[in-house]
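Please look over the sequence and the structure shown below before reading on. The report that follows takes up one polar contact, one pair of helices and one pocket.

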Amino acid sequence: MFPAANIEVQIDKNAIRQYINQKIEEEVKQVLWFVDVKRLADLTCMSERFLEDEFLADPRMRAIEIKKSRKRWYPAGKAQEVILEIANEW
């Protein structure tokens, strides 16, 4: 018979969470071409009103905005970059 062995595994939950989020974001970028305000709110876990006040009024977001009638879309990858840039300035 073999002697009993004790094995300990250290798991960095934050590193795993960051890695998973990064992979999800990469997949979302490849799948989505354009997003609207509602989809941005879902992806960022922010309210539409907060997005309007803090991000969409910014000239950088307005520069990438695509309008047709009263509908607005944003290129998904570029919108993510601009939102991160604005958020990093806080």
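A polar contact is a pair of N or O atoms within 3.5 Å, where, within protein, one atom must be able to donate a hydrogen and the other to accept it. In this predicted model, the side chain of D36 makes such a polar contact with the side chain of K71, at 2.9 Å. D36 itself is placed in the loop between β1 (34-35) and α2, and, once its neighbours within four places in sequence are left aside, D36 is in contact with K71, R72 and W73.

The helix that comes after this loop, α2, also meets α3 (residues 48-56): their axes come within 9 Å and cross at roughly 95°. Because angles of 65 to 115 degrees count as roughly perpendicular, α2 is roughly perpendicular to α3. On the α2 side the contact is formed by V37, K38, L40, A41 and T44, which meet E48, L51, E52 and L56 in α3.

The largest pocket holds about 470 Å³ of space. Of the 18 residues that line this pocket, E25, L43, T44, Q80 and L84 are the closest to its centre. The elements giving two or more residues to the lining are α1 (13-31), α2 (37-44) and α5 (76-88), and α5 gives the most, with 7 residues.

The table sets out the classes of residues in the helix contact and in the pocket lining.

| Group | Nonpolar | Polar | Charged |
|---|---|---|---|
| Contact of α2 with α3 | 5 residues | 1 residue | 3 residues |
| Lining of the largest pocket | 12 residues | 4 residues | 2 residues |

T44 thus belongs both to the contact of α2 with α3 and to the residues closest to the centre of the largest pocket.

Technical notes:
Residues are numbered from 1 along each chain as its sequence is written. This is a predicted model: local features need pLDDT of at least 70, side-chain atom pairs count only at pLDDT 80 or more; totals for chains, interfaces and linings use all residues. Side-chain values use heavy atoms; hydrogens and water are left out. On a 1 Å grid over the protein atoms alone, a cavity is a set of points where a 1.4 Å probe fits but cannot get out, and a pocket is an open set with protein on both sides within 12 Å along at least five of seven lines; lining residues have an atom within 4 Å of a point. Grid points are joined across faces, edges and corners, and a volume is the space filled by probe spheres set on the points. Helices (H or I, at least four residues) and strands (E, at least two) are DSSP runs, numbered from the N terminus. Ala, Val, Leu, Ile, Met, Phe, Trp, Tyr, Cys and Pro count as nonpolar, Asp, Glu, Lys and Arg as charged, and the others, Gly among them, as polar. Axes are lines fitted to C-alpha atoms, for helices over the stretch in contact, and angles run from 0 to 180 degrees between N-to-C directions. Angles under 35 degrees count as roughly parallel, over 145 as roughly antiparallel, 65 to 115 as roughly perpendicular and the rest as oblique. Contact means heavy atoms within 4.5 Å.
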